[in-house]
4 protein chains.
Amino acid sequence: MKFASDNNGPVHPKIMEAIVRANEGHVPAYGGDDLSRAAIEKVRDVFEAPEASVFLVPTGTAANALILGSLTKPWETVFCSNFAHIHVDECHAPEAFTGGAKLTPVGESIDKFNAMELRTAISAFSPDNMQQSAHGPVSVTNVTERGTLYSLDEVSEIAEVCRVAGVPLHLDGARFANAAAALGCSAAEMSWKAGVDAVSFGATKNGAMAVEAAVIFDPARAAEFRRRQQRAALVFSKSRYLAAQIDAYLTDGLWLETAGEANRLAALLEAGIEGIEGVEFAFPREANMMFVWMPRFRHRALMEAGAYYYIEAGELQGDDPHEPLLGRLVCDWSVDEAEIAKFADVAQSARP
Amino acid sequence: MKFASDNNGPVHPKIMEAIVRANEGHVPAYGGDDLSRAAIEKVRDVFEAPEASVFLVPTGTAANALILGSLTKPWETVFCSNFAHIHVDECHAPEAFTGGAKLTPVGESIDKFNAMELRTAISAFSPDNMQQSAHGPVSVTNVTERGTLYSLDEVSEIAEVCRVAGVPLHLDGARFANAAAALGCSAAEMSWKAGVDAVSFGATKNGAMAVEAAVIFDPARAAEFRRRQQRAALVFSKSRYLAAQIDAYLTDGLWLETAGEANRLAALLEAGIEGIEGVEFAFPREANMMFVWMPRFRHRALMEAGAYYYIEAGELQGDDPHEPLLGRLVCDWSVDEAEIAKFADVAQSARP
Amino acid sequence: MKFASDNNGPVHPKIMEAIVRANEGHVPAYGGDDLSRAAIEKVRDVFEAPEASVFLVPTGTAANALILGSLTKPWETVFCSNFAHIHVDECHAPEAFTGGAKLTPVGESIDKFNAMELRTAISAFSPDNMQQSAHGPVSVTNVTERGTLYSLDEVSEIAEVCRVAGVPLHLDGARFANAAAALGCSAAEMSWKAGVDAVSFGATKNGAMAVEAAVIFDPARAAEFRRRQQRAALVFSKSRYLAAQIDAYLTDGLWLETAGEANRLAALLEAGIEGIEGVEFAFPREANMMFVWMPRFRHRALMEAGAYYYIEAGELQGDDPHEPLLGRLVCDWSVDEAEIAKFADVAQSARP
Amino acid sequence: MKFASDNNGPVHPKIMEAIVRANEGHVPAYGGDDLSRAAIEKVRDVFEAPEASVFLVPTGTAANALILGSLTKPWETVFCSNFAHIHVDECHAPEAFTGGAKLTPVGESIDKFNAMELRTAISAFSPDNMQQSAHGPVSVTNVTERGTLYSLDEVSEIAEVCRVAGVPLHLDGARFANAAAALGCSAAEMSWKAGVDAVSFGATKNGAMAVEAAVIFDPARAAEFRRRQQRAALVFSKSRYLAAQIDAYLTDGLWLETAGEANRLAALLEAGIEGIEGVEFAFPREANMMFVWMPRFRHRALMEAGAYYYIEAGELQGDDPHEPLLGRLVCDWSVDEAEIAKFADVAQSARP
């Protein structure tokens, strides 16, 4: 009953095999090996973007921060949602990599914002006022930090606001595959076809060991990315082992297969607990992550039975057994259906 | 005949097995797993430093830059050798991680400096002059960037200058194991017993996939390391795979075994080519790396026969077959003795 | 009818005379002259803080950013109001001087926040969560950016929250003198006696040419201020001319005299326009600045008659003569009473 | 006998009068006033550069650091002389304003470098090596930090190397006027006509109170200067008082008059002491500053007689009265000829 995070799961066997397979002989370092070149081509293929600049990095924050660093001047502000990972969970990496830019939350919701809210947020800063922040890139997350989805139309509308304002659009795709699987669309449709200029293309949460691809569709915007990556200490010498992961991840659609499986398992989990008394979903479950209010006594029973997940609001300790606490439940491809059934069972049968 | 770098070789089988073995089930991320805790304990054990702060990062530049960031204020200067990796090969990562510190080369030699040269360099900056750089940490590299060694006495003398000046001493140990094996001393003797305050303890060049340990002996100096690591995008979610590498690396003395083997193979290579007409060593070969002058015609013959290594000075193209060019030759544990013999053979039998 | 800003007015004659008087002979630079030492003593005297560290800088942003730089780590967040000058009007100087800290707005109001709102804002960040911002200093502005005042009690309550949270309290005193004059309290009461740890003590808006004092009550917090000031290019060589300004400003209570006069003139202006049809004050006028809604036709008549001030909300151009626009009106000590009377007259007699 | 620095002298009466004259009425702040616009036009006129971008800042370090910030990426290195003010006397302001660039000393001399030395220094960095520094701007100082001059030909030769390397050329003109007066050339000849792309045009050391102009000939390079200046806290609100200084400084050739006078007085001082036994000039005296070896007993006699200047090498205290110590002597326009005569006299008549 381990539903704490999709980064707690193991590496997918096909990816691990690829790593082991790559472990042969001497090859050039720092991306000069054949496998690294092939992996980058594979990313371009999947995105149907033969000109795109692609860089492999070991963490999602690295992809986000290096892309934002490439797109943002120190006196500009990034526009993002209130709970964007880049804003609240990266310990100022975006500020560090941009040399001191701000992040301005857009709208009132904590998962998504819409085109109109973005237009309002942008128009609060006048380009002629040298004392204020200047306009910087917009960043959306899909799957959002609350487990919901932006539709392609919603992204396109946001992209249109960006176009008018003359600022680029970044997509934090830590769960890109889960979104693509849920929306039933291609990588290209998720990104440049919807007006996205740069993607942090996640793999770690979806079966890889530690690799993400930074994809920038206009190479001119990526001209200095490699220098930024070097000075950020984010260039691997033995690059083949990053490449092997991405290569296997994109071979025979593995990335969509694992994401689809994670989404399916999350739907099972949702089905297993919805309807239980006191269970209420804070957001619609649309991919592989859900936020659910449950009375304290159910959370306690689950924890005692060995469940592992985060309480996002409220304290497990407390007097009132009926007080609702917000739990976050995430599935990756490796979750056991039996564990899901057991979780639902324990939640259901708990008593105050 | 691949002697370009010790980061071109494969992962040692025992380390790869450990990675595969770790690939089981769901475990906490970000260092919260048992294996990560065990690996850190193992580093402390090897260094005989039960209180030391230890952090696992994926690149050598990350270890160097995060440690220097922890030890250096933006208005201080780091003291290092003319050819220190931190000064000439890290694309300003130390400048970035310190927020704008300088690096001041010490002495005239390009591999090492001594205590007297350090004293002179430090005394060029007056602590009372607010316009100049302030005194920052000293950084030595052992094995040096030119393949030579600091003796323990030399390090101790440098440490004494640091103590008097009130500045910490950092050891860039990208090839720490090769130095320890060559000097026949323990990790503790190489570091804190000789007055070193912080070590970038390399593993990647010596058989790991991508992991280095930042070891800071006084935890007070490391109080903010984790925040720095987070904002540098250098915290792995699936931390167990970094831990598995270090754990295997330090089990049953594997780290010294692979380093000793690399040094032995380098000595073989040295023996194979010394005495050949026109072959001259720019620096004594003391560990697993050597810099050797050879006439152009020998380099050409080697390259044509499939050898792969870097020419550090001079151009392979050129008219004069006898012009000496400087080659860099490095061995890791995985080099084949037959390749060494072949290299010596080709070098010997080449004709202008 | 120039009410645009208190930084549009001239230098007070007594301050200009002091500058001219200082223009005699050769004296040491960079603060080594007698006048600089005397001026710093005078600041300490006025603040009844003989141990305080005091630095003279030419702009208010310099004082704010250097103080925040001294009090804030790059991974910490500063807490301030939604419209704090440091947040919206300094083009990321605080971000630059802190090396990438965030600024987190507190509460809902756009001028002030209270102790409870601050407690809530601080508690949103857990000190144990390495991915979030860490707790940094709190910054209040008095007179606020909307022309209102924090009472000494309000400041003390905020200071108590700071004390419990273990974070320092900064006071942006761009209009410190106007606040002190309005509150009828001393510099010490406005600051350390109310729990403030550091003050940006403004003079430029209140009769000086270009000088502000950064006052840090605990010298330990200021240990590196001078290095920061040097690398920020904010140390004057001919320091005597900064010192002469502060010296004259603090002599015979000139600072309170000019501020009191500015406040009195603002009260006159307020009295002159309140009661006019359609005139509504957005905030109580408590010192020398007011924000006032007036119908468009009155603004137009004023502008046509030569008035100079900023429209903060709405556009002077527009069809509806009755639409309310928000104007900002500021008085310094030099404003002519006749101009105030004329302004009130024009506003009153305007016709749609 | 105050020869310590040309920033120890007073403001020239004509400049002080201009400041006082500007102290009339309310005018827009932040450069929006007529006088600021006029001053900038005057700089353009003097430089015969009607399109140049010109910004007024209060310190020389501000002009240098903001210009270098505009011309340099964080991963580039600036090329400058070993003793360049930007390298050894600005407490890392260039590093801070560029976001972490390096400064690479060129050549062996401590005052100047030549075109060939620059070519060698630049060629040590390969543009294709992503681990090294990338090529950044070149910076020369004229008058140099050792009081010598670059001829126009020398600057042009350096500029040609810059052109070939594709990097801009910056001129630190803290003593620009002294150089122009000594070389007998115009501001345009000193700068863009010789291939200089940006100038820190000093005024403070030559009779102003606190103002320098950053002059960038190609406005495209200055597009973000104002944002940089704002976030550096270096924009004055009461800008008229900076403008008044520059305006007066450039009116009726005052800048060349004061500089010529300073040079003349320095020549008098040189003439007064040369030939005295044990007096030896470390560098030719070419403008208003000289470095002179004198036996300790002469320095002591001078200091005892009230002379004020810096000992650059050696200690005033010491046993051997004949040991040579290096003194730095600087004249500004305000030095009294009688003091020069007295200085020569005391130096001459001193006894061991």
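**Exercise 1. Which side chains meet in a salt bridge with A:Lys73 and D:Glu224 as the pair to examine, and at what N to O distance?**

Before solving, some ground rules. This is a predicted model, where local features need pLDDT of at least 70 and side-chain atom pairs count only at pLDDT 80 or more, while totals for chains, interfaces and linings use all residues. Residues are numbered from 1 along each chain as its sequence is written, chains are lettered from A and ligands numbered from 1 in the order written, and side-chain values use heavy atoms, with hydrogens and water left out.Solution. Start with the rule: a salt bridge is a side-chain nitrogen of Lys or Arg within 4 Å of a carboxyl oxygen of Asp or Glu. The side chains of A:Lys73 and D:Glu224 meet at 2.4 Å, N to O. Now widen the view: chain D and chain A have two salt bridges between them.

**Exercise 2. Describe the rest of the interface between chain D and chain A.**

Solution. First, count contacts (heavy atoms within 4.5 Å): 18 residues of chain D touch 18 residues of chain A. Next comes buried area, the accessible area (1.4 Å probe) that two parts lose on being put together, summed over both. Here that's about 1700 Å², with carbon and sulfur atoms giving 51%. On chain D's side, D:Trp75, D:Met130 and D:Arg227 supply 48% of the area buried against chain A, more than any other three residues. Then look for polar contacts, meaning N or O atoms within 3.5 Å; within protein, one must be able to donate a hydrogen and the other to accept it, and residues adjacent in sequence count only if both atoms are side-chain atoms. There are 10 such residue pairs between chain D and chain A, both residues at pLDDT 80 or more. Helix H10 (residues 225-231) of chain D gives the largest share of the side touching chain A, five residues. Helices here are DSSP runs (H or I, at least four residues), numbered from the N terminus.

**Exercise 3. Work out how chain B relates to chain A, and what their interface holds.**

Solution. Superpose the copies by least squares on the C-alpha atoms of residues with pLDDT of at least 70 in both. Chain B lands on chain A with an RMSD of 0.0 Å after a turn of 180° and a shift of 0.0 Å along the axis. That's the relation of a two-fold axis. The C-alpha of chain B nearest that axis belongs to B:Ala232, 3.5 Å away. Both copies use the same surface, since 100% of chain B's contact residues recur in chain A.

Now the interface: 50 residues of chain B are in contact with 50 of chain A. The pair buries about 3900 Å², 59% of it on carbon and sulfur atoms. B:His26, B:Arg231 and B:Lys238 lose the most area in chain B, together 20% of what that side buries. The rule finds zero salt bridges here, but 22 residue pairs in polar contact, both at pLDDT 80 or more.

**Exercise 4. Is C:Glu90 buried or exposed, and which side chain of opposite charge is nearest?**

Solution. Locate C:Glu90 first: the loop between helix H4 (85-88) and helix H5 (93-98) of chain C. C:Glu90 is buried, that is, under 20% relative accessible area (exposed is over 50%, partly exposed in between; 1.4 Å probe, protein chains only). Lys and Arg count as positive and Asp and Glu as negative, with His and the chain ends not counted. On that basis C:Lys205 is the nearest side chain of opposite charge, 8.9 Å away, and C:Glu90 has no salt bridge. Its side chain does make a polar contact with the side chain of C:His85 (2.7 Å). Beyond four places in sequence, C:Glu90 touches residues of other chains too, including A:Gln131, D:Gln230 and D:Arg231.

Notes: Helix = DSSP H or I, 4+ residues; strand = E, 2+ residues; numbered from the N terminus.
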